[in-house]
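Student: I have a model open and want to learn how to read it. Where do we start?
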Amino acid sequence: MAFYISALQKCPYLPDQEELLVLSDPREMVGNAQYGQLLQKGFRRNGSVAYRPMCPQCDACISVRIPVAEFQPDRGQRRTWGRNQEIQIREQAPQWDAAHARLFAEYQCWRHPGGGHG
């Protein structure tokens with residue numbers, strides 16, 4: 001599998017920082033086994049591209065893997081869980097919905113102003 005280095009760009013997480021990414025070749029499909037190996041090395045996924053931060057001045061942006069079977073929520077997490085019990089999860093077939101599209105667009109504008117890192 002081939003990897004590339006992105007251009008230096010403004011960090012989407014920390015002000016006054018720059019981000020550099022190691023990116024998998026977008027022309028190559030990352031299979032489940034390969035993706036599992038990449039996750040163990042700190043990679044993340046955006047669409048078909050696996051990437052990992054490799055910032056020259058910063059190492060604050062790290063991938064965190066939570067062993068779910070061992071997870072114990074702290075007091076604040078339990079409080080948040082209690083406040084959100086009215087939220088319902090509903091599985092349904094994929095379909096386009098204007099309200100969902102607007103919500104996602106608002107999130108993208110808030111989280112990634114000016115585009116960029118998705």
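Tutor: With one term. A residue counts as exposed when its relative accessible area is over 50%, and as buried when that area is under 20%. In between, the residue is partly exposed. Keep in mind that this is a predicted model.

Student: Then is Arg-27 buried or exposed?

Tutor: Arg-27 has a relative accessible area of 68%, so Arg-27 is exposed.

Student: Which side chain does Arg-27 meet in a salt bridge?

Tutor: The general idea comes before the case. Side chains of opposite charge can pair when their charged atoms come close. Here the partner of Arg-27 is Asp-25, at 2.9 Å from N to O. The structure holds one salt bridge.

Student: And is Asp-25 buried or exposed?

Tutor: Asp-25 has a relative accessible area of 5%, so Asp-25 is buried. The bridge therefore joins a buried Asp-25 to an exposed Arg-27.

Student: Now the sheet. In what order do the strands lie?

Tutor: Strands of a sheet pair through backbone hydrogen bonds, either parallel or antiparallel. In this model, four strands form an open sheet in the order 1-4-6-5. Their pairing is antiparallel.

Student: Which are the edge strands?

Tutor: Strand 1 (3-5) and strand 5 (44-46). Each of these pairs on one side only. Look at the twist as well: neighbouring strands of the sheet are turned by 30° against each other on average, direction ignored.

Student: How many bridges join strand 4 to strand 6?

Tutor: Three, and the two strands run antiparallel. Strand 4 covers residues 21-24. For one bridge, start at Leu-21: its partner in strand 6 is Pro-53.

Student: And over how many bridges do strand 5 and strand 6 pair?

Tutor: Three, again in the antiparallel sense. Arg-44 stands opposite Tyr-51 in strand 6. Asn-46 has Val-49 as its bridge partner in strand 6.

Student: What lies between strand 5 and strand 6 in their hairpin?

Tutor: Two residues. In this hairpin, Gly-47 takes a positive phi near 65°.

Student: How many residues of strand 6 are buried?

Tutor: Four of its five, which leaves strand 6 mostly covered.

Student: Which residue other than glycine has a positive phi?

Tutor: Asp-16 is one to look at, with phi near 60°. Asp-16 sits in the loop between strand 2 (9-10) and strand 3 (18-19). The relative accessible area of Asp-16 is 80%, so this residue is exposed.

Student: On to the rings. How many aromatic pairs does the structure hold?

Tutor: Three. One of them is Phe-104 with Tyr-107. Their ring centres are 6.2 Å apart, with 35° between the planes. Planes under 30 degrees apart would count as stacked and over 60 as edge-to-face, so this pair is tilted.

Student: Where do Phe-104 and Tyr-107 lie?

Tutor: Both are in helix 3 (residues 98-111). They are three residues apart, about one turn of the helix.

Student: Which ring does Tyr-107 also pair with?

Tutor: Trp-110, in a tilted pair: 6.5 Å centre to centre, 45° between the planes. Tyr-107 and Trp-110 are also three residues apart in helix 3, about one turn. Ring pairs thus link Phe-104, Tyr-107 and Trp-110 into a cluster.

Student: How accessible are Tyr-107 and Trp-110?

Tutor: Tyr-107 is at 39%, so it counts as partly exposed. Trp-110 is at 66%, so it counts as exposed.

Student: Which residues make the nonpolar surface patch?

Tutor: Ile-62, Val-64, Ile-66 and Phe-71. The patch covers about 410 Å². Take Val-64 as an example. Val-64 is in the loop between strand 6 (49-53) and helix 2 (75-83). With a relative accessible area of 60%, Val-64 is exposed.

Student: One last reading. How far apart are Lys-41 and Ser-63 in sequence and in space?

Tutor: They are 22 residues apart in sequence and 9.0 Å apart in space, C-alpha to C-alpha. Lys-41 is in the loop between helix 1 (32-40) and strand 5. Its relative accessibility is 58%, so Lys-41 counts as exposed.

Definitions and conventions: Residues are numbered from 1 along each chain as its sequence is written. This is a predicted model: local features need pLDDT of at least 70, side-chain atom pairs count only at pLDDT 80 or more; totals for chains, interfaces and linings use all residues. Side-chain values use heavy atoms; hydrogens and water are left out. Patches are made of residues with over 30% relative accessible area and no salt bridge: like charges are joined within 9 Å, nonpolar side chains (Val, Leu, Ile, Met, Phe, Trp, Tyr) within 5 Å. Accessible areas come from the Shrake-Rupley method with a 1.4 Å probe; for residues, only the protein chains shown count as cover. A salt bridge is a side-chain nitrogen of Lys or Arg within 4 Å of a carboxyl oxygen of Asp or Glu. Buried means under 20% relative accessible area, exposed over 50%, partly exposed in between (1.4 Å probe, protein chains only). Rings of Phe, Tyr and Trp (its six-membered ring) pair if their centres lie within 6.5 Å; planes under 30 degrees apart count as stacked, over 60 as edge-to-face and the rest as tilted. Two strands pair if DSSP finds at least two bridges between them. Axes are lines fitted to C-alpha atoms, for helices over the stretch in contact, and angles run from 0 to 180 degrees between N-to-C directions.
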